[in-house]
Amino acid sequence: MHPRHTEHDGARTERRVIVVGDNGLTLRFIKHLIERYAFHVTAVFPEGPGGQREEIRREAEVNRSLQVFTQAEVTAETVRLAGLTAAYAVALMDQNDVGNLHLALKIREMSHYLGDETLPRLVIRMYNSGLRANIQKLLGDDEDGVYVQSDADMVADTYALAALQQLPPGEINVWGRRLYLSRQREERAEAQWVVAGGNQAGIELVPEDENEALRYLWLSPDRRRGQLRPRLQNASLAVKEALSTLRGMLTKSLVVLALVLFAVFAFGFTVLQFWPSGANTPDGEGEVFYLLALMAGGGIDPDMTASRLLKVTQAVVVLTGSLLIPFATGAIVQAVVDRRYALSEGRRTRQVREHVIVVGLGNMGTRVVERLREAKIPVVAIEKNREAMGVRAARAKGAQVLFGDGSNQELLAEANIRHCRSLVLMAKQDESNLETALSGLECNPKLRTVMRIYNPEFAALIRQNLNRSTPPQGAPPHASYSAPEVASASFAQALTDDKVLVTIPVRGHIAYIEAFEVGAGSAMDDAAAGLATRVGFHRLLAVKRAGGTISWNPDAAFRVGRGDTLLVVATRRGLGEILERCRPGGADR
């Protein structure tokens with residue numbers, strides 16, 4: 001890590017960040033840097049009106065930690081004049097991938113030219129996933145002080161987790177085991193710890209007991225999934241899909257055909273049962289069905305001695321079977337073709353349950369679909385615009401797509417809203433998302449909804465009112481988030497030097513999971529594991545021996561020593577404290 005980045009974030013600092021951009025995400029990003037992390041910020045954007053420049057200027061008038069620097073055109077020289085050589089970091093937040101990359105390269109080149117060996121950290125907003133994945137070849141990675149991310153990706157993770165009623169950060173994979181976050185104690189847990197507690201008065205991280213607990217971290221049992229259950233689930237889905245296909249094939253023509261066949265066969269069965277032929281006398285109902293089937297296929301020898309009624313019946317059944325077989329074949333083929341065409345045109349869906357309905361396939365909506373499909377969750381997407389780029393991407397990931405207005409209850413019924421996991425509203429217009437959510441609740445009062453709402457205060461009000469009947473410790477069925485608010489918090493965190501395994505957000509506060517190796521002669525060398533737990537700062541989760549064996553949730557008397565690795569959940573100040581306790585020779589300092 002560069003010397004400019006070594007100070008711990010808990011310390012008092014006046015480090016300055018240069019932020020280039022003037023959009024809504026930029027303004028929220030600046031507020032997060034100042035209010036949550038106590039950075040000083042210089043906002044850089046072109047002169048004149050545009051974007052949210054006036055809002056940023058007004059914020060600078062009332063906030064001493066924010067300054068504004070403008071020029072006719074923003075270049076690397078502009079950033080230098082804004083204080084590049086003394087800046088802790090530069091954040092490029094414009095919605096222009098190529099422009100951000102060009103400016104980042106010029107800033108790095110200028111830093112080297114100026115002889116600045118401690119290069120400022122770079123935080124770059126970039127949408128193009130291909131360009132983003134390979135940008136390390138040009139600028140380096142996070143170890144070199146370069147953080148490149150898409151706000152759409154950040155927000156998609158939050159919405160996808162909310163759709164599955166999971167708390168961020170979702171499934172946590174550490175040391176070959178899975179950890180989850182929950183609002184209540186989990187009966188299946190092998191071990192669990194309280195991460196946060198509190199009430200309306202405030203939040204306490206790593207509290208002493210479970211009183212007013214808000215978040216539990218629990219360890220999933222180490223059991224391999226059986227093979228029978230997935231097979232049964234696959235078989236059940238296959239049967240449901242077959243039944244759905246059959247229902248879709250039952251057109252009016254086929255229904256009429258089926259009724260005609262039933263009437264003819266019922267008539268034939270009655271005649272053969274009560275007025276049998278002397279040459280082919282059936283013995284019981286089974287043989288009656290046998291003769292009837294042979295007649296329908298034209299495979300029975302004529303009986304010239306039979307009665308006229310029987311001859312007429314045989315002729316009618318044989319002719320009906322011969323004539324209706326090609327008609328039935330054509331009708332079935334036509335029904336299959338029509339169904340497939342309706343599926344491809346987005347007018348129908350295949351049978352699906354326990355799925356997520358995503359309305360809106362813009363940048364963020366498409367990302368949400370991709371995240372859900374990566375988790376093997378069935379998805380039905382609804383989009384008004386047939387030419388939207390997200391349609392092809394969603395289908396490529398295996399999602400079904402319906403075209404039309406998401407607030408249309410008939411369309412929601414076609415998406416099987418009564419049996420879905422949740423309804424995710426990702427349109428750009430708040431009123432459209434709210435209207436669709438309310439329409440969905442009319443179709444299914446027990447529906448779970450996740451809404452994209454631009455204004456964070458409006459999002460909070462919607463969330464509170466929809467969840468009024470939910471108990472405080474219960475899982476609220478309705479979620480609404482401001483996309484810029486979520487993304488800005490993630491971008492701001494990239495500047496905190498938090499080199500941790502997992503970040504756990506809890507109502508504006510952040511807890512961390514990190515591993516620390518016990519150094520020789522440190523305070524933790526040959527010490528009780530209880531020393532690694534301090535209420536309000538850090539709590540020990542597990543100990544990995546130098547030989548590789550792992551003890552989860554060890555008791556306070558468990559002994560640890562040099563070479564062991566401690567897995568802890570901690571506050572930011574707690575990270576610094578446990579690091580000091582594990583530092584080699586720390587016991588003598």
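Here are four short exercises with worked solutions on a predicted model.

**Exercise 1: two helices side by side**

Task: Work out how helix α1 and helix α2 are oriented to each other, and which residues make the contact.

Solution:
- Start by finding the helices: α1 covers residues 24–35 and α2 covers residues 53–62.
- Next, look at their axes, which come within 9 Å and cross at roughly 20 degrees.
- Angles under 35 degrees count as roughly parallel, so α1 is roughly parallel to α2.
- Now for the handedness: α1 and α2 cross in a right-handed way.
- Then pick out the residues in the contact. α1 brings Thr26, Leu27, Ile30 and Lys31, while α2 brings Glu55, Ile56 and Glu59.
- Sort them by class and you get three nonpolar, one polar and three charged residues.

**Exercise 2: is Ser65 buried or exposed?**

Task: Find where Ser65 sits, then decide whether Ser65 is buried or exposed.

Solution:
- Go to the loop between α2 and β3 (66–71), and there you'll find Ser65.
- Check the relative accessible area of Ser65, which is 17%.
- The cut-off for buried is under 20%, so Ser65 is buried.
- Finally, see what Ser65 touches. If you skip neighbours within four places in sequence, Ser65 is in contact with Ile34, Phe39, His40 and Val41.

**Exercise 3: a parallel sheet**

Task: Trace the open sheet of six strands and name its edge strands.

Solution:
- Walk across the sheet and you meet the strands in the order β14-β13-β12-β15-β16-β17, paired in parallel.
- At the edges are β14 (400–403) and β17 (478–481), each pairing on one side only.
- From one strand to the next, the twist averages 15 degrees.
- Zoom in on β12 (residues 356–359) and β15 (residues 422–425), a parallel pair with four bridges. Here Val356 has Ser422 of β15 as its bridge partner.
- Last, add helix α7 (residues 151–163), which lies across β12, β15, β16 (449–452) and β17. Relative to β16, α7 runs at about 160 degrees.

**Exercise 4: an antiparallel sheet**

Task: Do the job again for the open sheet of five strands, then find the helix that packs on it.

Solution:
- The strand order is β18-β19-β24-β21-β22, with antiparallel pairing.
- Its edge strands are β18 (502–506) and β22 (550–552).
- Ignoring direction, neighbouring strands are turned by 25 degrees against each other on average.
- Between β19 (residues 509–517) and β24 (residues 565–570) there are six bridges, and Ile513 is the partner of Val569 in β24.
- The helix you want is α18 (residues 572–582), which touches β19, β21 (538–544) and β24. The direction of α18 makes about 15 degrees with that of β19.

Technical notes:
Residues numbered from 1 in each chain as written. Predicted model: local features only at pLDDT ≥ 70, side-chain atom pairs only at ≥ 80, totals over all residues. Heavy atoms only, no water. Axes fitted to C-alpha atoms, helices over the stretch in contact; angles between N-to-C directions. Parallel < 35°, antiparallel > 145°, perpendicular 65-115°, else oblique. Left-handed = near helix turned anticlockwise from the far one by under 90°. Contact = heavy atoms within 4.5 Å. Nonpolar A, V, L, I, M, F, W, Y, C, P; charged D, E, K, R; others polar. Pairing = 2+ DSSP bridges. Buried < 20%, exposed > 50% of the residue type's maximum accessible area, 1.4 Å probe, protein only.
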